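Me: I am new to this structure and would like a close look at a single part of it. Please take the positions that the record marks as the active site, and describe their surroundings in one connected account.

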Amino acid sequence: MASNGTASPANASALAPPPSQGRLITVLSIDCGGIRGLIPATIIACLEAKLQELDGPEARIADYFDVIAGTSTGALITAMLAAPNENKRPLFAAKDISQFYIENGPKIFPQRKIGFLKPVANLLSVMRGPKYNGAFLHDKIKSLTHGVRIADTVTNVVMPAFDVRCLQPVIFSTYEAQHEPLKNAHLSDICISTAAAPTYFPAHYFRTEGPDGKSREFHLVDGGVAANNPTMLAMSMLTKEVLRHNPDFRPVEYGNFLIISVGTGSPKQAEMYTAPKCAKWGLLRWLYDGGFTPLIDIFSHASADMVDIHAQVLFEALRCEKNYLRIQDDSLVGPTSSVDIATKENMEALIGIGRELLKKPVARVNIDMGVYESLPGEGTNEQALERFARKLSDELKQRQKNFNSY
């Protein structure tokens with residue numbers, strides 16, 4: 001529901017009215033997590049199916065959200081949901097995203113067969129350079145998005161990366177591209193950059209040129225360094241548009257935000273690492289331990305949980321906690337907790353986790369314990385998605401009614 005050309009499901013040729021024509025500002029946020037992107041892909045497919053039950057089979061996720069924010073694998077999903085096809089409609093239906101991962105995951109994360117020497121080979125690989133060269137991922141993203149730039153998406157998107165040359169986050173968004181031509185980068189360059197997780201994929205360099213002949217260089221790595229969970233980032237970008245007096249927005253009231261934030265799962269709490277175990281580690285063990293990268297895991301999960309805690313407290317303080325839905329699994333074990341085990345068995349297991357997560361009760365993170373606890377009376381995550389789908393559908397219809405009454 002953006003002012004940049006999103007079409008409504010009821011009339012694909014009409015522009016979706018902006019937030020100023022309705023009551024809510026709607027955000028979908030998707031965490032990073034490599035192959036674990038299959039979990040949010042499953043959740044989002046369920047949401048789109050609920051919307052189609054209300055508004056017809058042509059309804060798409062991008063029709064209902066003012067902003068879709070994604071980091072790393074979440075950015076890839078965002079691109080598939082918001083990049084335009086030849087008819088200026090979303091490139092993918094949500095139900096097709098899981099199949100994309102199943103078909104391409106093994107080529108993005110090729111599994112090595114080295115037998116009992118595998119741990120040693122993996123350690124040597126980490127010391128030599130990135131675990132994967134990223135060639136297939138880069139080619140696949142470029143073939144999907146062609147020459148599309150971030151300003152061309154069918155709804156507004158937000159995708160973070162981190163510039164290693166400047167040592168600062170870089171936020172790419174449809175909004176920013178409209179104000180800063182040098183940030184109107186190709187969607188492919190942005191997706192490649194925000195997926196360039198240190199030790200897994202190489203950093204990505206590209207340059208943009210503006211109409212005035214000026215240029216800007218980017219030296220980027222994984223957006224998870226800046227915002228593993230981009231929920232608050234999306235809210236900040238929307239607030240910035242209000243401060244710019246964007247006529248699409250009224251003065252912002254955070255109680256009017258409607259946010260669905262979907263995680264990619266995290267390892268079962270407590271048993272993965274212990275203080276006595278970590279106390280003996282040097283640099284190499286912090287970078288590699290049994291196929292995992294503890295330092296990166298710790299930073300990424302801390303980042304995602306802190307954002308969830310901030311959002312949860314904010315919405316509770318505003319007495320609108322029912323406008324914020326966080327769907328996350330914190331019980332991953334074994335291969336499913338890895339970001340790059342793309343075997344058929346593991347990918348099917350991740351889809352299964354997503355389906356089971358839909359059946360679990362709505363939960364909130366316990367600020368003191370760091371575990372998710374169910375909320376009495378809120379039902380399951382699938383039931384919550386059904387409620388949110390009705391709100392999203394009603395909001396779109398209200399905007400269309402108000403817009404057409406002018």
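Reply: What follows starts with the whole protein, goes to the marked positions, and then moves outward to the helices. The model is a predicted one. The protein has 14 helices and ten strands. Of its 406 residues, 55% count as buried. Among contacts with a separation of 6 or more, 74% are between residues 24 or more positions apart.

The annotation comes from UniProt, where an unreviewed entry places the feature "active site" at Ser72 and Asp222. These positions are spread over 151 residues of sequence, yet they cluster in space, with a largest C-alpha distance of 6.3 Å. The lining of the largest pocket includes both Ser72 and Asp222.

Take serine 72 to begin with. Serine 72 sits in the loop between strand E2 (67–70) and helix H2, and helix H2 covers residues 73–82. The relative accessibility of serine 72 is 9%, so this residue counts as buried; the cut-off for buried is under 20%. Apart from neighbours within four places in sequence, serine 72 is in contact with Cys32, Thr194, Ala195 and Asp222. The two annotated residues therefore touch each other.

Aspartate 222 is also in a loop, the one between strand E6 and helix H8 (224–227). Aspartate 222 counts as buried because its relative accessibility is 9%. Setting aside neighbours within four places in sequence, its contacts are Thr71, Ser72, Ala161, Phe162, Ser193, Thr194, Ala196, Ala197 and Pro198. Thr194 is in contact with aspartate 222 and with serine 72.

Cys32, one of the contacts of serine 72, lies in the loop between strand E1 (25–30) and helix H1 (38–55). With 9% relative accessibility, cysteine 32 counts as buried. Beyond residues up to four places away in sequence, cysteine 32 touches Thr71, Ser72, Thr73, Gly74, Gly224, Asn228 and Thr264. Thr71 is thus a contact of cysteine 32 and also of aspartate 222. From C-alpha to C-alpha, cysteine 32 and alanine 75 are 7.7 Å apart in space, although 43 residues separate them in sequence.

Two of the residues beside aspartate 222, Ser193 and Thr194, are among the buried residues of helix H7. What is the setting of helix H7 (residues 187–194), and why can it be called largely enclosed? Eight of its eight residues are buried, so the rest of the structure largely encloses this helix. Those residues are Leu187, Ser188, Asp189, Ile190, Cys191, Ile192, Ser193 and Thr194. Their cover includes helix H2, helix H5 (135–145), strand E3 (156–163), strand E4 (168–173), strand E5 (204–209) and strand E6 (215–221). H2 and E6 are the elements that border the loops of serine 72 and aspartate 222.

Cysteine 191 of helix H7 has a relative accessible area of 2% and is buried. Cysteine 166, by contrast, counts as partly exposed at 47% relative accessibility. The structure holds zero disulfides.

One helix pair is worth adding. Helix H9 (residues 231–243) packs with helix H12 (residues 294–317) at an angle of about 55°, and their axes are 8 Å apart. That angle makes H9 oblique to H12. On the H9 side the contact is made by Thr231, Met232 and Met235, and on the H12 side by Val307, His310, Ala311, Leu314 and Phe315.

Note on methods:
Residues are numbered from 1 along each chain as its sequence is written. This is a predicted model: local features need pLDDT of at least 70, side-chain atom pairs count only at pLDDT 80 or more; totals for chains, interfaces and linings use all residues. Side-chain values use heavy atoms; hydrogens and water are left out. Buried means under 20% relative accessible area, exposed over 50%, partly exposed in between (1.4 Å probe, protein chains only). Helices (H or I, at least four residues) and strands (E, at least two) are DSSP runs, numbered from the N terminus. Contact means heavy atoms within 4.5 Å. UniProt positions are given in the numbering used here, feature names are shortened, and annotations may be inferred rather than shown by experiment. On a 1 Å grid over the protein atoms alone, a cavity is a set of points where a 1.4 Å probe fits but cannot get out, and a pocket is an open set with protein on both sides within 12 Å along at least five of seven lines; lining residues have an atom within 4 Å of a point. A disulfide is a pair of cysteine sulfur atoms within 2.5 Å. Axes are lines fitted to C-alpha atoms, for helices over the stretch in contact, and angles run from 0 to 180 degrees between N-to-C directions. Angles under 35 degrees count as roughly parallel, over 145 as roughly antiparallel, 65 to 115 as roughly perpendicular and the rest as oblique.
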